[in-house]
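Trainee: I have the sequence and the model open side by side, and I'd like to go through them with you slowly.

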Amino acid sequence: MFGMEHPIVQGGMQLVSRAELVAAVANAGALGFLSALTQPTPEALVAEVRRTRSMTDKPFGVNLTILPSRNPPPYEEYARAIIESGVKVVETAGYSPEPFIPVFEPSGVKVIHKCTSIKHAKKAQQVGCAAVSIDGFEAAGHPGEDGIGSLVLVPRAVDELDIPVIACGGFSDGRGLVAALAMGAEAVSMGTRFLGTREAPVHDKLKEKLVEGSELDTQLIFRKFKNTARVFKNSVAVEVAEIESRPGTEFTDVAELVAGERGAVVLETGDMEHGIWWAGVSTGLVYDIPSVAELVSRIVSDAEKIINERLRGLSQ
Ligand SMILES: Cc1cc2nc3c(=O)[nH]c(=O)nc-3n(C[C@H](O)[C@H](O)[C@H](O)COP(=O)(O)O)c2cc1C
């Protein structure tokens, strides 16, 4: 459906999903997504698509994250930029993709909606999405409010839907890929694991933190505001969680601490305590910083080995 060689997707990541990473993912035979809103304008997004194309002739997509905002970006214009640039697959996340389907469909752009509940996955199918990416509670970013892990959420989605399901949240290696395929998913999508690759355009100190960190090093924040986010557990994340836990506090009490500009400084300068940055529970499974090509070929060969050796052995 999407023209990739391997059943591996790199989910859209704000400030990370730029041409260097996405082209490396495409060249490795997987499907990468640029992050639309990382680009300051729709015109800049068209230029970033062009830059990615100069590095790969394989397919890739664009992520369009639609979140509540007091000052929303011009989503329609970003959608038109995607169409104009000739990209044929979009990963939507956040609000319902429904208003965008009639925009994309006539141009043959397929939509994969990323969601965290069966209710929203069914709605995505109903409004015409080509596939869904199901984010279990392990995921970095916004893992939803229900607290259901991928081990249950993915097969539940497979049971409820007719369109392909991509398993997302907590996947990082060949074992995860085999598990996802066994649960009926068509592919895995990963964020944290791709953040820990040589081509991810973030400071090396952040990558070192991922290698040092364990599965205990993420922090849930915004739970109280019903906009749960999973971030790396640094001093800012712990402070945000502490403020939230006080009775009567509101988002405005933490807004300054969680400002996007502060997070951007972390990624760019490696000042790891300057703001919050997204990371999933799979931080515990990031043991090294390979190139994207090494990572994808390792995942595929480990998966094949598990299927051909361990699983075959169990069935005899
Ligand atoms: C640094 C970072 C930034 C992210 N930014 C976005 C984003 O802008 N939009 C989005 O839909 N998901 C975003 N995500 C979530 C990923 O696309 C993906 O759904 C998630 O990382 C999957 O869980 P995993 O980290 O366990 O692989 C981000 C994840 C990371 C690690």
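**Helices, barrel and rings**

Trainee: What covers the buried residues of α9?

Mentor: The cover over the buried residues of α9 includes α8 (192-195) and α11, where contact means heavy atoms within 4.5 Å. Keep in mind that this is a predicted model, in which local features need pLDDT of at least 70 and side-chain atom pairs count only at pLDDT 80 or more, while totals for chains, interfaces and linings use all residues. Residues are numbered from 1 along each chain as its sequence is written, and side-chain values use heavy atoms, with hydrogens and water left out.

Trainee: And which residues of α9 are buried?

Mentor: In helix α9 (residues 204-212) they are L206, K207 and L210, with buried standing for under 20% relative accessible area, exposed for over 50% and partly exposed for in between (1.4 Å probe, protein chains only). Looking down the axis of α9, these buried residues fall within an arc of 100°, so they line one face of the helix; the arc is that of the directions from the helix axis to the C-beta atoms. The face turned away from that buried side carries D204 and E212, which are exposed.

Trainee: Where do labels such as α9 come from?

Mentor: Helices (H or I, at least four residues) and strands (E, at least two) are DSSP runs, and they are numbered from the N terminus.

Trainee: OK, now α5: which of its residues are buried and which are exposed?

Mentor: Within α5 (residues 118-126), the residues I118, A121 and A124 are buried. Viewed along the axis of α5, the buried residues keep within an arc of 120°, so they line one face of the helix. K119 and Q126, on the other side of α5, are exposed.

Trainee: What do the buried ones pack against?

Mentor: The buried residues of α5 pack against β5 (110-115), β6 (131-135) and α6 (150-160). After α5 comes G128, which has a positive phi, near 110°.

Trainee: You mentioned β5 and β6, so how do those two strands pair?

Mentor: They pair in the parallel sense over four bridges, and two strands count as paired if DSSP finds at least two bridges between them. Across that pairing, K114 stands opposite S133 in β6. Four bridges also join β6 to strand β7 (residues 165-168), again running parallel, and here D135 stands opposite C168 in β7.

Trainee: How buried or exposed is β6 itself?

Mentor: Strand β6 is mostly covered, since five of its five residues are buried. A131, S133 and D135 point one way from β6, whereas V132 and I134 point the other way, and all are buried. In a regular strand the side chains alternate between the two faces of the sheet.

Trainee: What bigger arrangement do the strands make?

Mentor: Eight strands make a closed barrel in the order β1-β2-β3-β4-β5-β6-β7-β8, with parallel pairing. From one strand to the next, the twist averages 25°, using axes that are lines fitted to C-alpha atoms (for helices over the stretch in contact) and angles from 0 to 180 degrees between N-to-C directions.

Trainee: Which strands does helix α1 lie across?

Mentor: Helix α1 (residues 19-27) lies across β1 (8-10) and β2 (31-35), and it runs at about 165° to β2. Helix α3 (residues 75-84) packs on the sheet as well, touching β3 (61-66) and β4 (89-94), and its direction makes about 170° with that of β3.

Trainee: Switching topic, how many disulfides are there?

Mentor: The search of the whole structure finds zero, a disulfide being a pair of cysteine sulfur atoms within 2.5 Å.

Trainee: Why is C129 not in one?

Mentor: Because the closest cysteine sulfur to that of C129, in C115, is 8.0 Å away, which is too far for a bond. The sulfur of C168 also has its closest cysteine sulfur in C115, at 10 Å, too far for a bond. C129 counts as buried, at 5% relative accessibility, and C168 is buried too, at 7%.

Trainee: Last one: how many aromatic pairs are there?

Mentor: The search finds five, where rings of Phe, Tyr and Trp (its six-membered ring) pair if their centres lie within 6.5 Å, and planes under 30 degrees apart count as stacked, over 60 as edge-to-face and the rest as tilted. The rings of F222 and F225 have centres 6.3 Å apart and planes at 45°, so that pair is tilted. F232 and W277 form a stacked pair, with 4.5 Å from centre to centre and 10° between the planes. F232 lies in strand β10 (residues 229-232) and W277 in the loop between α11 (260-269) and α12, so the pair ties together parts that are 45 residues apart in sequence. Both F232 and W277 are buried.
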